[in-house]
Structures are given as C-alpha cells and as structure tokens.
Amino acid sequence: MNREAIEAFAAESRGGARLLGLDLGTKTIGLALSDVQRRIASPLETIKRIKFTPDAASLAAIATRHAVGGLVVGLPLNMDGSEGPRVQSTRAFVRNLKPILPLPVLFWDERLSTAAVTRTLLEADASRARRGALVDKLAAAYILQGCLDVLDGLGDEGADFDEG
C-alpha cells in the first residue's frame, strides 16, 4: 500500500470514529467494524446484495448507526497485482456510493483474504454451511485488521511500506 494514501486516509477519516471494512462480492457484502481506538477489527454482518440503491442504503444506515468515520474497501487485485474486471467493478461501486455515503475511502489489497479465512474455518472444523455464513464478514475483518495494523504503525520510525 502507498504510504501517502494511507496517511491521507488517516488524516481525512474522523479520529475517534470507527472504520467499516467491506468485502464486496457479487452476491454479498461482508462487513467488519473497528473499535473507536482503531486497533481491533470485528466481523459485523453480511449483506445479501440486491441492487445498488438498497445495498447503498443498507451501508449508509449501518455507517450512521455505528458512527463510522471511514471505509476500508477490499480491492480484489489479480495475484500478479494487476487490476482486472473485479477491481473495476469495486471502484465503480465506491464511486457510486460516494454521493450517498460521503466518507473517506481507502482501498486495501484483499488478495488471499478469503483463502486465509476459509483455511482458518476448515482448521476449526466448521461445516460448509457455517463457513458460508461466516466467510464474507470474516474476510472483511481480515482486510480491515490489515489496515488497522498499518495505521497503528504510522507513527513508528522505519515502518515498512510497499511503495507500489
């Protein structure tokens, strides 16, 4: 992640406000919420996608209810880091969401987040139905936690950032 983008997001998002993590899928949107200190991401819920307008209204209501100060949106990059159709779809969703939910947005690399969460659920011997019910909001928490860890390290000298 680009350090300048992360620092700009940290400055724009209201301090003391929670962050909402989103894992946008074609059928569902996994959501996770940070604590107000922005240290811990917790799975929140999974929204079944209908159409853009009701999906956006649901997100706006959740953001208002939880006093959210910024959005961390998983960016589904290809394994080589390139942007494909899913990235374009995610960026378009966020662009259309902006007038309805005018919060700072940080795109976060979500590569392997679902795989990591699924592996953890398999190790916990979760049934297929249980995995299906949990994977999207847990992936959102995984994405958001990665962001929170980097935000927490912003003040550290020599923090490791990939400038790509």
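The paragraphs below lead through a predicted model of one protein chain, from its overall architecture to selected contacts between side chains.

The protein chain is built from 5 helices and 5 strands, and, when these elements are read along the sequence, they follow the pattern α-β-β-β-α-β-α-β-α-α. Of the 164 residues in the protein chain, 43% are buried. One residue of helix 5 may serve as an example of how parts of the chain are placed relative to one another: Leu 134 belongs to that helix, and Leu 134 counts as buried because its relative accessibility is 15%, under the 20% that sets the limit for this class. The C-alpha atom of Leu 134 is separated by 10.0 Å from that of Leu 44, although the two residues stand 90 residues apart along the chain.

The charged side chains come next. Side chains of opposite charge can pair when their charged atoms come close, and the structure holds 6 salt bridges, three of which are described here, beginning with the pair formed by Arg 3 and Glu 7. The closest N and O atoms of Arg 3 and Glu 7 are 2.8 Å apart, and because the two residues are 4 residues apart in helix 1, which covers residues 3-12, about one helical turn separates them. Glu 7 has a relative accessibility of 34% and therefore counts as partly exposed.

Another salt bridge joins Asp 152 to Arg 39, with an N to O distance of 3.9 Å. Asp 152 lies in helix 5 (residues 128-152), whereas Arg 39 lies in the loop between strand 2 (28-34) and strand 3 (41-48), so this pair ties together parts of the chain that are 113 residues apart in sequence. Are the two partners buried or exposed? Asp 152 counts as exposed at a relative accessibility of 51%, and Arg 39 is likewise exposed, with a relative accessible area of 51%; these values place the residues in the exposed class because that class begins over 50%.

The loop that carries Arg 39 also holds Arg 38, which lies between strand 2 and strand 3. Arg 38 is buried, with a relative accessible area of 12%, whereas Arg 39 is exposed. The backbone of Arg 38 deserves a look as well: most residues other than glycine have a negative phi, yet phi of Arg 38 is near 60°, a positive value. A positive phi is also found at Ala 67, where the angle is near 50°. Ala 67 sits in the loop between helix 2 and strand 4 (68-75), and, with a relative accessible area of 42%, Ala 67 is partly exposed.

The remaining contacts lead to helix 3 (residues 85-97), where Arg 86 is located. The side chain of Arg 86 meets that of Glu 110 in a salt bridge, at 3.6 Å from N to O. This pair links distant parts of the chain, since Glu 110 lies 24 residues away in the loop between strand 5 (105-109) and helix 4 (113-123). Unlike the exposed Asp 152, Glu 110 counts as buried, at a relative accessibility of 8%.

Arg 86 is also among the residues that line the second largest pocket, whose volume is about 160 Å³. The lining consists of Leu 24, Gly 25, Thr 26, Arg 49, Pro 76, Arg 86, Ser 89, Thr 90 and Phe 93. Which element contributes the largest share of this lining? Helix 3 does, with 4 residues, and by class the lining has 3 nonpolar, 4 polar and 2 charged residues.

Phe 93, one of the lining residues of this pocket, leads on to the aromatic contacts. A pair of aromatic rings is described by the distance of the centres and the angle of the planes. The count comes to 1 aromatic pair, in which Phe 52 and Phe 93 are arranged edge-to-face, with 5.3 Å from centre to centre and 75° between the planes. The pair links distant parts of the chain, with Phe 52 in helix 2 (residues 52-65) and Phe 93 in helix 3, 41 residues apart. Phe 52 is partly exposed at a relative accessible area of 26%, whereas Phe 93 counts as buried at 6% relative accessibility. A further contact brings a charged side chain to an aromatic ring: Arg 91 lies over the face of Phe 107, at 4.8 Å from the ring centre.

Note on methods:
Residues numbered from 1 in each chain as written. Predicted model: local features only at pLDDT ≥ 70, side-chain atom pairs only at ≥ 80, totals over all residues. Heavy atoms only, no water. Salt bridge = Lys/Arg side-chain N within 4 Å of Asp/Glu carboxyl O. Buried < 20%, exposed > 50% of the residue type's maximum accessible area, 1.4 Å probe, protein only. 1 Å grid on protein atoms, 1.4 Å probe; cavity = no way out; pocket = protein on both sides within 12 Å on 5 of 7 lines; lining within 4 Å. Points joined across faces, edges and corners; volume = space filled by probe spheres on them. Nonpolar A, V, L, I, M, F, W, Y, C, P; charged D, E, K, R; others polar. Phe/Tyr/Trp six-rings, centres within 6.5 Å; stacked < 30°, edge-to-face > 60°. Lys NZ or Arg CZ within 6 Å of the ring centre and 35° of its normal.
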